[in-house]
Amino acid sequence: MPPKRKATTAAGGRAAKRVASGVNTPVSMGSSEDDYTDTVGAEASETEAEDLKKLISKFSASSYRQKNHSAGNVGDAASRLFKRDRDLSSLTLKPDHVNRPLWLDPDRGRIVMETFSPSFKQAQNFLINVAEPQSRTTNVHEYTITGHSLFAAVSVGLTTNDIIRQLEAFSKTKLPEGLKEFIVTNTQSFGKVRLVLKHNSFYIESQDAAVLQTLLRDEVIGPCRIEGAEEISTEKASKMAGLVIPGTKMAAGARQANEKPVERLRDKDDDDDDDEFNDAEAEKDMTEFLRDEDDDDETDQVHSFQVPGSHIQKVQERCNQLGLPLTEEYDFRNDDVNANLVIDLKPTAQIRYYQEHALNKMFGNGRARSGIIVLPCGAGKTLVGITAACTVKKSVIVLCTSGMSVVQWRAEFLKWSNINPDDIATFTSDHKDKFNDKAGIIICTYSMVTQASRRAHDSQVVMDFIMSKEWGLMILDEVHVVPAEMFRKVTEKVATHSKLGLTATLLREDDKIKDLNFLIGPKLYEANWLQLSEEGHIARVQCAEVWCPMTTEFYTEYLRTKNTNKRSLLSTMNPRKYQACQFLIDFHERRGDKVIVFSDNVYALKKYALKLGKAFIYGDTPPHERIRILENFQLNPDVNTIFLSKIGDTSLDLPEATCLIQVSSHYGSRRQEAQRLGRILRAKRRNDEGFNAFFYSLVSKDTNEMFYSSKRQAFLVDQGYAFKVITHLNGIDQMPKLAFSTGLERRELLTDVMLQNETAGDVEKIEGDLFGERQGRPSGKKGARRTAGTLSELSGGQDMAYVEYNKSRNKELKGKGGPQNAFIRKLKRDAEKRKAAARSLQ
DNA sequence: CACCCCGTAA
DNA sequence: TTTGGTACGGGGTG
């Protein structure tokens, strides 16, 4: 990849998207009335297999354009780096540059890595420690060195020299001076100041009293100190003090372990993982050795001042700004104040290599470092958390976003570890347990801990218990929610020695994500999605964006209104989008896929589902009905498609679907897009020969959806997913019973859409006018929505055309009591039999 | 239990 | 160029 690649800049990732969304796209979905005449009776002449072949060939041939780069088009993901003044060609290359994978941007800390380089694996293992992955596509990875990433590197045990030496070794050019300086200035002060928990109080601690003096003179930190006899107390550093100071010699142990000269390259990639593990073992021994030495020879003094829990965040944030981030490490093996917990992994629990890598980052020097581990959905985040708990062996508090995942975490703990069930308690609104022994695990929801007012009596009791205890480890599930105003309170309410944050998508659309650096700790590990799916740990997914032109009726209305809600509703109700959805469901059901359709908008959700005769779940669906529908989806061969609102993004335990269709979504939320894709990464069938999961995003052409869609995909594109654009679904013209194929039907739909939209607004206004103070029913919103629903039903006349289809599949699946349950039981038995048969075949 | 209300998140 | 429908968990009530 010579630097002169800048010549082809325009072909780069999102630039291609702009080209594709331009004017002259090959649309063959038809724009004339004729294309939509009823095709019932014109049975498709081909067999299913031929159908499949045809569609798949379409996917890989002429009717799509790849927005992302593809193999053979090396370097497009990085090409934006080489624009204008980003030309690196002036730099002189080392003679053996071909064997070195890194391009270093002298000014901005950007690093571009060639994945086809012979020393790629080593370089990647190193880079993941010191830089933030920005984008990791097939041939090129892009990283950035930042203050935070260097903090993470130092806290993982690397020294300034390690970083500089290894960067130099992997770089194609001489290490730029500016970058070297940046690394030096940013790493020097790290690790000087620590946050320590002692006897349920927080202390800011350092070996250097002068640093503490400086902090106390700071206008923000100074007033936070708890008034005591002494301003700064000094004691001899000892094991009993809770936290042993990470001396530089400790880092030396880690340095040796991390060092891997480029010259000593090995061909076999797989060996690498085992080596890393052994190195970590060696590292631990070294740590032990050094610790003993420290205690014998040195009489280090530790200085500290106390800060109340309520001010911790302020101090942490300020220290971050001052370039002196607080290190949090828990020397759990030498903590004999807090009781030990009897817990171990079951021998059957097998940790995968990347989980081990992640845990090595956390426990690399024999202590628990606070930080964040990022793994895609289905890659075993829970097991990482459980293994961490089994390592620390102290009381653990696990925080989840929903009651469902509380239950799941408990089940997983029982599945993977030998923990005594009496030692795990759950704490939610309908289950308020404590554990009886001195040490234990408590699993609860964020809101249970953060709720400030209106406490039920027995939850106050449990809350007091939690706050009175000193916790060894706090596991924060879905840690990306923590920066929220309310949820961030957990870190000040619960006194814990270490924190482990877990998430699949360390993303927010606001800028609060950086707060996690001081709220939890640095990002310790981030898995490479592409690599995991190539290795079969998560499913391979084909992503496609399907462009659906707007019908003239809908587009006219779209242009006529400036109201964004109305506009987005028109875009999602676009009849041609509905047709595309109908076609794709049919296609994939016949292929044997289980299909989930997502729609954020519940009006659209119901309309689509009812007309297609599929079951749907959204917020108001009562729990028993949800379960029934999900069971049927999982077991009943006749139920292969369900519709979900954004309920499916987070809080549903979804069965193993293999195909996903997105009809409407939430603006430009990258997290939602990634999370939805995550729903199919678990697919059990993923290791079948040639298995692919499918992810479709239906987008109405020439609407705002186009813009948001590309925003939403940004994260996945950076993870290496290639989104293909499909402008025509081959065979849709021959589709029997294609909906909305007449102008009349489409106009009826439009009327319904417009009515739905207006009534919601009107009713609220009327209610306000009529009742002024709105006595008796303080929440006008709920009433308004209900009324709107009724009015929409009253609009009856136009709905006549739908009546024959508009039968709720939900009701069919709902029934209660004996017969239905017996049916489900039979399905379950059948499924068991099939599984057993499959096992005996192997 | 079934229902409502409330605050909060994204 | 960037908003607010929707859904949740928690607390009550009869």
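In this predicted model, an N or O atom in the side chain of Ser447 is 2.9 Å from a sugar or linking oxygen of DNA strand C. Two further side chains make polar approaches to the nucleic acid. A phosphate oxygen of DNA strand C lies 2.5 Å from a polar side-chain atom of Ser645. For Lys711, the partner is a base oxygen of DNA strand C, at 2.3 Å from a polar atom of the side chain.

The surroundings of DNA strand C comprise 29 residues, of which Thr445, His666, Tyr667, Phe707 and Lys711 come nearest. Lys711 thus appears both in this group and in the contact to a base oxygen. By class, 14 residues of the surface near the strand are polar, eight are charged and seven are nonpolar. Helices α14, spanning residues 446–450, and α26, spanning residues 704–718, each contribute at least two residues to this surface. On the DNA side, sugar or phosphate accounts for 71% of the atoms of strand C that lie within 4 Å of the protein, and bases account for the rest.

The UniProt record, an unreviewed entry, places the feature "domain: Helicase C-terminal" at residues 579–733. Over residues 579–733, helix makes up 41% of the chain and strand 19%. The C-alpha atoms at the two ends of this segment are 10 Å apart.

Elsewhere in the chain, strand β8 covers residues 301–307. Five of its seven residues are buried, so β8 is largely enclosed by the rest of the structure. Strand β8 pairs with β6 (residues 201–206) through five bridges, and the two run antiparallel. In this pairing, Ser206 is positioned opposite His303 of β8. Strand β7 (residues 233–236) is also joined to β8 in an antiparallel arrangement, here by four bridges. Glu235 stands opposite Val302 of β8 in this second pairing. In a regular strand, side chains point alternately to the two faces of the sheet.

At the level of the whole chain, chain A contains 30 helices and 25 strands. Of its 842 residues, 55% are buried. Contacts in chain A were also considered by separation along the sequence. Among those between residues at least 6 apart, 78% join residues at least 24 apart.

Definitions and conventions
Residues are numbered from 1 along each chain as its sequence is written. Chains are lettered from A and ligands numbered from 1 in the order in which they are written. This is a predicted model: local features need pLDDT of at least 70, side-chain atom pairs count only at pLDDT 80 or more; totals for chains, interfaces and linings use all residues. Side-chain values use heavy atoms; hydrogens and water are left out. UniProt positions are given in the numbering used here, feature names are shortened, and annotations may be inferred rather than shown by experiment. A residue is near a molecule or strand if one of its heavy atoms lies within 4 Å of it. A polar contact is a pair of N or O atoms within 3.5 Å; within protein, one must be able to donate a hydrogen and the other to accept it, and residues adjacent in sequence count only if both atoms are side-chain atoms. Ala, Val, Leu, Ile, Met, Phe, Trp, Tyr, Cys and Pro count as nonpolar, Asp, Glu, Lys and Arg as charged, and the others, Gly among them, as polar. Buried means under 20% relative accessible area, exposed over 50%, partly exposed in between (1.4 Å probe, protein chains only). Two strands pair if DSSP finds at least two bridges between them. Contact means heavy atoms within 4.5 Å.
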